[in-house]
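Work through the exercises below with the structure open. Try each task before reading its solution.

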Amino acid sequence: MISQGDEQAFATVFDYYRNKIYGVALKLTHSTTVAEEIVEDVFLKIWTRRAMLNEIENFSAYLFTIARNETYKILKQIAKNYKIVLLSENNQSLVHNNTEDYLIHKEITSLLQKAIERLPHQQKQVYKLMKEEDLKRGEVAEILHLQPETVKFHLAQAMKNIRTYCMLHLNTLIGFTLLLSALF
Amino acid sequence: MHSYIKEKISAMQQSRLEYLFNCYVQQNCSEKEEEEFMNLLSASKNKAEVKKLLDKVIENSGVETSMPDETAASILQNILQKDRAKVVSIENNKPVFRLWPRVAAAVAILFVCGTAYWFISNQNSRKAVSPIALSSAKASSILPGGNHAILTLADGSKIVLDSVQNGSIKGGSSKIKKQGALLVYESTAAKNNAPVVYNTLTTPPGGQYQLLLPDGSKVWLNASSSIHFPTAFTGSERNVELTGEGYFEVAKNKEKPFHVNVNGMQVEVLGTHFNVNAYGDEGSIKTSLLEGSVKIKSRQSSGILKPGEQGVLNKNANKIEVKKADMNEVMAWKNGLFQFDGAGITTIMSEISRWYNVDIVYKGKVPDRRFEGKISRDAQLSDVLKILELSNVKFRVEGKKIIVQ
């Protein structure tokens, strides 16, 4: 049915498998944002290649192979940029010399903004209050009626999400270094 | 047996990669271990083993975590929408008013990030990103090119299209319309006795334009280029002449083959998408095929291209060489980008010279370095130079002259 372009049938299959793929992706990236992207990539592949489904005998094996390959691709991308992250953390001075540079500033702002927009609701709130409004953890906890420990957890998750998102999407060495030093 | 010892033993039986993989998944790696894991992960030789480990994770995972229903719904929506957009662009075979149909994933990322990126193709990344003093180029905001072109009619009269309002243009017997940066020739009823009339569309340095020919073929013209074409295709062939660079989406018509004549070379097509780059300063004519099939002919040599291939005619050798080419790089100009994969500084600077209408002067030895990266063609010249300066090339700007030092 999916192979004939039945969106309803596709939605059913999507709902049946999405949490499993999401769980795997989350285990492997530790980032909800990136895990969501993997889910989208995997099912987009299934849907755009639906004409092929007639020849597939074992659908779940097919789906899991695609999921494995997509996850691998993304992990490799993250790994590729991992070194640069470490480098930037040891190279703080680079930022302070150049933060005023218009071009780089523009680049950082727009990518960070994109990463923040994609955070889950509570992580976004916590991140914005702490990083943009410069509030203390206790103050944020009070405002949001959360335990300080929960605020801490959300902030850590948000940072992880933003970092992984940037690793995946920013392709420039220079941009990377500056962006990440600005983060930490 | 004590569980700690058990773990130790099983750890010894695992490969190092498997051990690191597990500690990464369980998030209990030390920093050193995590770095080591990332190193192993990025090495292609470990691909098979990593994939096996990933398979194991998939096999052993249940549905412990679930994503919020709202998120799932929006992902599903995205997928269906993306796919619909794709189907439309494939089915819509008429190349008419579809602007920039194929924007590569890389370009999409570029838009997401909003601005220009550049990275140095230097493997030694530590060196590449070491602090560089930015001697901010004084290219006092030289603006990028835009949609500029001049139309020369059969009687020799010239129309500067920038200054013309959208709508009909008087051009002898032919019906011409300007729609933004696109010039449309409507097909008029075939009058076989009417003489064939030629028009020429020319882009200056820093200009680009689009042309819809009367047969429905569409041409994108890059900067410093021109196309000479009949206002009606009456004979048994469709012939146009090109200088500079153009991308063609030729409307199918088996009865009337389409010929692009470029500086002594001819590209013959039936209906297809291809790019011809014949800028004199690059020393060769490059024809790159995206879809369909084309035949290229010079006086002494000929060749047939398959999609993804590029035929290079070297002016000196006069021999056509066919090789695979990166179509994203070839088509970058049409998609609003400078894109280079291992290009030398002279190639980059001649493209900059054409788009920003500036002269390039080399002082001393031309730096022998290769670059890769992308920059938006909307960027100001000063931004582009700044990015290149980050890669340690030094410039001085004097009026409309750029001196490479």
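Four exercises with worked solutions follow. This is a predicted model, in which local features need pLDDT of at least 70, side-chain atom pairs count only at pLDDT 80 or more, and totals for chains, interfaces and linings use all residues. Residues are numbered from 1 along each chain as its sequence is written, chains are lettered from A and ligands numbered from 1 in the order in which they are written, and side-chain values use heavy atoms, with hydrogens and water left out.

**Exercise 1.** Place A:Arg18 and decide whether A:Arg18 is buried or exposed.

Step 1: find the element. A:Arg18 sits in helix 1 of chain A, residues 7–29. Helices (H or I, at least four residues) and strands (E, at least two) are DSSP runs, numbered from the N terminus.

Step 2: check the accessibility. A:Arg18 has 9% relative accessibility, so A:Arg18 counts as buried. Buried means under 20% relative accessible area, exposed over 50%, partly exposed in between (1.4 Å probe, protein chains only).

Step 3: list the neighbours. Leaving aside residues up to four places away in sequence, A:Arg18 touches A:Val39, A:Phe43, B:Met67, B:Asp69 and B:Ala72. Contact means heavy atoms within 4.5 Å.

**Exercise 2.** Describe how helix 1 of chain A packs with helix 4 of chain B.

Step 1: pick the descriptors. Two packed helices are described by the angle between their axes and the distance between the axes.

Step 2: read the values. The angle is about 130 degrees and the axes are 9 Å apart; helix 4 of chain B covers residues 47–60. Axes are lines fitted to C-alpha atoms, for helices over the stretch in contact, and angles run from 0 to 180 degrees between N-to-C directions.

Step 3: classify. Helix 1 of chain A and helix 4 of chain B are therefore oblique to each other. Angles under 35 degrees count as roughly parallel, over 145 as roughly antiparallel, 65 to 115 as roughly perpendicular and the rest as oblique.

Step 4: name the residues. A:Lys20, A:Val24, A:Lys27 and A:Leu28 meet B:Leu54, B:Val57, B:Ile58 and B:Glu59.

**Exercise 3.** Which loop holds B:Ser224, and what is its phi?

Step 1: B:Ser224 lies between strand 8 (218–221) and strand 9 (225–230) of chain B.

Step 2: its phi is positive, about 50 degrees, although B:Ser224 is not a glycine.

Step 3: a relative accessible area of 28% makes B:Ser224 partly exposed.

**Exercise 4.** Repeat for B:Asn357.

Step 1: B:Asn357 is in the loop between helix 9 (345–356) and strand 20 (359–362) of chain B.

Step 2: phi is near 55 degrees, positive in a residue other than glycine.

Step 3: B:Asn357 counts as partly exposed, at 37% relative accessibility.
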